[in-house]
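Here is a protein model to explore together. Let's start with the whole chain and then take a close look at one part.

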Amino acid sequence: MAQIRIHQSLIKIFALITLCLTAFGFTSRFGLDSFTIHLNDRLILKQTVNQPLNLRVLQLDKAKDNDRLHFTYTHCQKKDGAGTGRSITLRDEKGTAIRKWAFVNAKGSDLRMTIGVKELIKLQKMRPTEELSLHYTSSELPKGEMLSMLRL
């Protein structure tokens, strides 16, 4: 009788281990896509993709013509975090692409994608009444992710 109880306990433990391996053995790595935006070397926005929507607005009214925006987008599913076929697109409020910047695949730890503020200000001034936004796309994220709105 005691031997039957031991066998039943072993079977239950084995079933539990099998269930756990089945449930957790095929899930993707934990983590979230995230991005940062720096104006020159100063961090101005850091966001994890699933965070509640906040006002992601880049205020460029005090930026100088020679300033540069550095965008970094990190994919949770990639070992090095960098996407391939990366681009940033400036879109109007209807979703129409105004300008697209394509970037080479990142090598090493520098994942930055850089855009001159002067160019963004020029494009914003050409469409003063429209709300413009910056969107990131890559081979890993073909539908894209809105990074921020622009405001002068």
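Q: How much area does the chain expose, and what share of it do carbon and sulfur atoms supply? After that, please walk me closely through the open sheet of four strands.

A: Happy to! The chain exposes about 10,400 Å², with 58% supplied by carbon and sulfur atoms; accessible areas come from the Shrake-Rupley method with a 1.4 Å probe, and for residues only the protein chains shown count as cover. This is a predicted model, in which local features need pLDDT of at least 70, side-chain atom pairs count only at pLDDT 80 or more, and totals for chains, interfaces and linings use all residues. Residues are numbered from 1 along each chain as its sequence is written, and side-chain values use heavy atoms, leaving out hydrogens and water.

Now to the sheet. The chain has two helices and nine strands, which are DSSP runs numbered from the N terminus (helices H or I, at least four residues; strands E, at least two). The open sheet has the order E2-E1-E4-E7, and its pairing is antiparallel; two strands pair if DSSP finds at least two bridges between them. At the edges sit E2 (42-48) and E7 (113-116), each pairing on one side only. From one strand to the next, the twist averages 20°.

Strand E1 (residues 34-39) is joined to E2 by six bridges, and the two run antiparallel. Within this pair, threonine 36 has lysine 46 in E2 as its bridge partner.

Helix H2 (residues 117-126) lies across E1, E4 (68-74) and E7, at about 55° to E7. Axes are lines fitted to C-alpha atoms, for helices over the stretch in contact (heavy atoms within 4.5 Å), and angles run from 0 to 180 degrees between N-to-C directions.
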